[in-house]
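Let's take a walk through this structure together, from the overall fold down to single residues. Please keep the sequence and the 3D view open side by side as you read.

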Amino acid sequence: MQLPLGPDPRTETLRRLQSLLIQRFGRIERAAAEWREPEWVLVQGVIGARTKSEISNAATDRLLKRYGSWEQVAEAPLEELQAELATQTYPNIAAERLKGSLNSLVERRGAVDLAHLADMETLPAMRWLEQLPGIGRKIAAGVMNASTLDRRAIVLDGHHTRILQRMGLVPPKATTDRAFEAIMPVMPEEWDGATFDEHHLLMKKLGQTWCRPGSPDCATCLALSLCKTGTERVGNR
């Protein structure tokens, strides 16, 4: 007879990590209401590659103010959108992906409207979004979690995924999709959508400060005791 394996230890690690992150960085309030419309979150995600959030937020607001609706943004000439998105790291790519995703939405839904996602389960809704041009797992999870849909879906950017890999919570070379599949089953069951959102933003702060891509400061990192890579690096010095 096989005995039950018990809870996955990674769940408790995530709880302890969240507590340490809050102690260090404080609580993070959710975005303003106008920044949590699912369509707004989608646009911000599509244009935001390798660009600071505050810059992408401003660009998203600027587009909607100039054109008046996302449908009008979809109809705008590509060159015009590229100029509007000059603040983004990759304005040409951002404009192409934005037009592609918005036009695809209009074709599928008759408008840039994601209201139907509220009636869908989270994973099927994410897969639906991922059929749109330029929409991968990170953006799909962002639409489901950071918007008013408020679902338990973890958003994994480069910082977040790197930390999970270094801590040994997901496979070391996991892609975003694979990391999502690995970490979602062990996310603390008591965390709601808002906690998922806050956790991601705190992990992003950790990745920008201590757990940097090329030069992690493991010795003074708040998560050292929980991190496989950190304890090995510090122990080998």
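What follows starts with the whole chain, moves to its core, and then visits a handful of individual residues.

Before anything else, please keep in mind that this is a predicted model. The protein chain has twelve helices and zero strands. Read from the N terminus, the order of elements is therefore α-α-α-α-α-α-α-α-α-α-α-α, where each α stands for a helix, a DSSP run of at least four residues.

How does the radius of gyration of the protein chain agree with that of a compact globule? For 237 residues, a compact globule would come out near 18 Å, and the protein chain has 19 Å, so the two agree. If you align the view with the principal axes, the C-alpha atoms fill a box of roughly 55 × 45 × 30 Å.

Burial and contacts add to that picture. Of the 237 residues, 46% count as buried. Taking the contacts between residues at least 6 apart in sequence, 62% join residues that are at least 24 apart. On the outside, the accessible surface comes to about 12100 Å², and carbon and sulfur atoms account for 51% of it. The chain carries 31 positive and 30 negative charges, and the mean positions of these two sets lie 9 Å apart.

Now let's turn inward. The largest nonpolar core has 67 residues, and those with the most contacts inside it are L42, L63, L98, L117, L129, V143 and I183. Which helix gives the most to this core? It is helix 2, with six residues. To see the surroundings of one core residue, pick L63: leaving out residues up to four places away in sequence, L63 touches V43, G68, W70, V73, L81, E84, L85 and L98. L98, one of these partners, is also listed among the core residues with the most contacts.

From the core, three buried residues are good next stops. Begin with Q18, which sits in helix 1 (residues 9-25). Is Q18 buried or exposed? Its relative accessibility is 6%, so Q18 counts as buried, the cut-off being under 20%. Apart from residues up to four places away in sequence, Q18 touches W191, T195, E198, H199 and L202.

Next comes R137, in helix 8. This arginine counts as buried because its relative accessibility is 13%, under the 20% limit. With residues up to four places away in sequence set aside, R137 touches M126, E130, T176, D177 and F180.

The third stop is M167, found in helix 9. At 5% relative accessibility, M167 counts as buried too. Beyond its neighbours within four places in sequence, M167 is in contact with T13, L17, L226, C227 and K228. For a sense of distance across the model, compare the position of M167 with that of S104: they are 63 residues apart along the chain, and their C-alpha atoms are separated by 38 Å.

Let's now move to the loop between helix 2 (38-47) and helix 3 (53-67), where K52 lies. K52 has a relative accessible area of 56%, so it is exposed, the cut-off being over 50%. K52 and R15 are 37 residues apart in sequence, and their C-alpha atoms are 27 Å apart in space. R50 is found in the loop between helix 2 and helix 3 as well, and R50 is exposed with a relative accessible area of 72%. Its backbone deserves a look: R50 has a positive phi of about 60 degrees although it is not a glycine.

Moving on into helix 3, you come to E54. With a relative accessible area of 53%, E54 is exposed. E54 and M187 are 133 residues apart in sequence, and the C-alpha to C-alpha distance between them is 28 Å.

One last stop is D150, in the loop between helix 8 (137-146) and helix 9 (158-167). D150 has a positive phi of about 55 degrees, and it is not a glycine either. Why does D150 count as partly exposed? Its relative accessible area is 34%, and partly exposed covers the range between the 20% limit for buried and the 50% limit for exposed.

Notes. Residues numbered from 1 in each chain as written. Predicted model: local features only at pLDDT ≥ 70, side-chain atom pairs only at ≥ 80, totals over all residues. Heavy atoms only, no water. Helix = DSSP H or I, 4+ residues; strand = E, 2+ residues; numbered from the N terminus. Rg over C-alpha atoms; globule rule 2.2 N^0.38 Å. Buried < 20%, exposed > 50% of the residue type's maximum accessible area, 1.4 Å probe, protein only. Contact = heavy atoms within 4.5 Å. Areas by Shrake-Rupley, 256 points an atom, 1.4 Å probe, with all protein chains shown as cover. Lys, Arg positive; Asp, Glu negative; His and termini not counted. Charge placed at Lys NZ, Arg CZ, Asp CG, Glu CD. Core = buried A, V, L, I, M, F, W, Y, C linked by side-chain atoms within 4.5 Å.
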